[in-house]
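Here are a few short exercises to work through with the model open beside you. Try each task before you read its solution.

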Amino acid sequence: MPELISRPEYLNQLIENKNVDLIKIVTGIRRCGKSSLLDLFHQYLKETNVPESNIIHMNLESLKYRNLTDYLFFYDYVSSLIPTVGTTYLR
């Protein structure tokens with residue numbers, strides 16, 4: 001993986017709000033660093049001993065997820081990945 005550009009302000013916002021029971025949505029124009037920010041957050045979660053099984057990473061541009069075109073299929077698929085213990089992070 002290439003070296004990630006540090007984005008402390010945005011990363012700290014994610015970290016400060018990670019235990020707030022609201023969905024966080026990262027938005028921005030193309031190629032502004034949204035995926036890189038989420039990679040940094042993923043790295044932070046691993047460094048703070050969040051089990052890898054509690055971090056779900058899905059690249060919806062991948063053909064692996066081509067059948068998830070219906071919101072019910074998507075919901076069922078993601079629900080099946082969520083462990084019964086701990087907080088789950090979906091990227």
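**Exercises with solutions**

Asparagine 49 sits in the loop between H2 and strand E1 (55-56). Keep in mind that this is a predicted model.

**Exercise 1.** Find the sign of phi at asparagine 49 and decide whether the residue is buried or exposed.

*Solution.* Start with the backbone: phi is positive, about 65°, although asparagine 49 is not a glycine. Next, take the relative accessibility, which is 67%. The cut-off for exposed is over 50%, so asparagine 49 counts as exposed.

**Exercise 2.** Now do the same for arginine 31: where is it found, and is it buried or exposed?

*Solution.* First locate arginine 31 in the loop between helix H1 (8-16) and helix H2 (34-47). Then check the backbone: arginine 31 is not a glycine, yet its phi is positive at about 65°. Finally, its relative accessibility is 80%, so arginine 31 counts as exposed.

**Exercise 3.** In what order do the elements of the chain run?

*Solution.* Begin with the inventory of three helices and two strands. Reading from the N terminus, the order is α-α-β-α-β.

**Exercise 4.** Describe the chain as a whole through its contacts, burial and charges.

*Solution.* Take the contacts with a separation of 6 or more: 59% of them join residues 24 or more positions apart. For burial, 20% of the 91 residues are buried. Of the accessible surface of about 7,500 Å², carbon and sulfur atoms hold 54%. Last come the charges, 10 positive and 10 negative, whose mean positions lie 6 Å apart.

How values were computed:
Residues numbered from 1 in each chain as written. Predicted model: local features only at pLDDT ≥ 70, side-chain atom pairs only at ≥ 80, totals over all residues. Heavy atoms only, no water. Helix = DSSP H or I, 4+ residues; strand = E, 2+ residues; numbered from the N terminus. Buried < 20%, exposed > 50% of the residue type's maximum accessible area, 1.4 Å probe, protein only. Contact = heavy atoms within 4.5 Å. Areas by Shrake-Rupley, 256 points an atom, 1.4 Å probe, with all protein chains shown as cover. Lys, Arg positive; Asp, Glu negative; His and termini not counted. Charge placed at Lys NZ, Arg CZ, Asp CG, Glu CD.
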